[in-house]
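Me: I'd like to go through this protein with you, step by step. Could you take a look and help me make sense of it?

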Amino acid sequence: RVSIDYPSVVFIITSGERVQGNVAPLIFRLSEASYLAGMVAGGLTKTGTIGFVGGVELPPVRDASEAWVAGARAVNPQVQSRTSYLNNWDDAALGREAARALIRVGADMLHHNADAAAIGVFQAAKEAPGVYVFGANADQSSLAPARVLGSAVIDLPRALLLVAREVQGGTFMPKVESFGLASGVVQYVPNPALDSLVPAALAARIRAAEDSIERQEVP
């Protein structure tokens with residue numbers, strides 16, 4: 001509604017699929033990076049069970065969860081998965097309890113898309129021997145350097161810069177902008193400190209999957 005009053009202003013929003021006036025939604029296919037994280041988890045799990053903690057069961061969160069499981073099963077078809085939704089984005093204590101519940105039923109690889117509530121997921125992983133966790137939205141290896149194998153990352157500044165360049169160059173057209181691995185905006189970022197835990201054959205397989213996903217995105 002506001003865009004109608006300011007037709008010369010470009011409005012960028014980070015969700016939604018509706019284009020009107022100069023409003024352009026950005027969609028981030030974080031699920032592509034979560035798929036790669038799942039491959040790592042599937043190759044390294046000792047228990048055969050992985051877990052996912054989501055804030056609210058929104059489509060992007062569900063997509064990331066499903067991709068995480070699909071990636072794990074691409075490497076280990078016998079992997080079992082457990083998912084817990086918090087209906088909350090901010091309660092770290094709730095996130096910790098959800099993660100601890102997943103650990104109790106055997107999950108030794110955890111992933112999340114739960115914003116601040118995920119702080120509790122990292123806490124739970126640090127408290128449980130042999131449990132590893134994967135970050136989301138940003139490189140979160142600093143939250144538990146000895147337990148974070150990697151992160152599914154959104155480089156938001158890069159996305160905004162790509163759109164800004166279109167505006168500056170006069171080529172901007174309001175449309176849904178979708179970013180995946182090929183754009184460089186969405187990335188799987190491994191934790192270099194734990195690279196030695198990932199066998200060379202598994203690392204090669206993950207790189208091949210990443211290349212395949214990127215090629216599918218390029219026209």
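Me: Let's start in the middle. Which residues of the largest nonpolar core touch the most other members?

Reply: Keep in mind that this is a predicted model. The largest nonpolar core has 38 residues. Those that touch the most other members are Leu36, Val40, Ile50, Trp68, Met109 and Phe134.

Me: And which element gives the most to this core?

Reply: Several elements each supply at least two residues, among them β2 (23-28), β3 (49-54), α3 (59-75) and α7 (200-217). The helix α2 (30-44) is on that list as well. With 8 residues, the one that gives the most is α2.

Me: Which residues does Val40 touch, leaving out those up to four places away in sequence?

Reply: Val40 is one of the core residues that touch the most other members, and Phe134 is another of them. With residues up to four places away in sequence not counted, Val40 touches Phe134, Leu149, Tyr188, Val198, Leu202 and Ile206.

Me: How many residues are in the other core?

Reply: This other core lies apart from the largest one. Leu86, Leu110, Ala114 and Val133 are among its members. Its residue count is 19.

Me: Now Gln140: is it buried or exposed?

Reply: Gln140 is in the loop between β6 (132-137) and β7 (148-154). Beyond its neighbours within four places in sequence, Gln140 is in contact with His112, Phe122, Gly135, Val148 and Ser151. Its relative accessible area is 15%, and buried means under 20%, so Gln140 counts as buried.

Me: What about Tyr6: buried, partly exposed or exposed?

Reply: Tyr6 lies in the loop between α1 (2-5) and β1 (11-13). Together with Val2 and Val9, Tyr6 makes a nonpolar surface patch of about 260 Å². Its relative accessibility is 48%, and the range between 20% and 50% is called partly exposed, so Tyr6 is partly exposed.

Me: Stepping back, what radius of gyration does the protein have?

Reply: The C-alpha atoms fill a box of roughly 55 × 35 × 30 Å along the principal axes. For 219 residues, a compact globule would have a radius of gyration near 17 Å. The protein's value agrees with that: 18 Å.

Me: Last one: how much of the exposed area do carbon and sulfur atoms supply?

Reply: Of the 219 residues, 42% count as buried. The protein exposes about 10,900 Å². The share supplied by carbon and sulfur atoms is 54%.

Methods: Residues numbered from 1 in each chain as written. Predicted model: local features only at pLDDT ≥ 70, side-chain atom pairs only at ≥ 80, totals over all residues. Heavy atoms only, no water. Patch = residues over 30% accessible without salt bridge, like charges linked within 9 Å, V, L, I, M, F, W, Y side chains within 5 Å. Areas by Shrake-Rupley, 256 points an atom, 1.4 Å probe, with all protein chains shown as cover. Salt bridge = Lys/Arg side-chain N within 4 Å of Asp/Glu carboxyl O. Helix = DSSP H or I, 4+ residues; strand = E, 2+ residues; numbered from the N terminus. Buried < 20%, exposed > 50% of the residue type's maximum accessible area, 1.4 Å probe, protein only. Contact = heavy atoms within 4.5 Å. Core = buried A, V, L, I, M, F, W, Y, C linked by side-chain atoms within 4.5 Å. Rg over C-alpha atoms; globule rule 2.2 N^0.38 Å.
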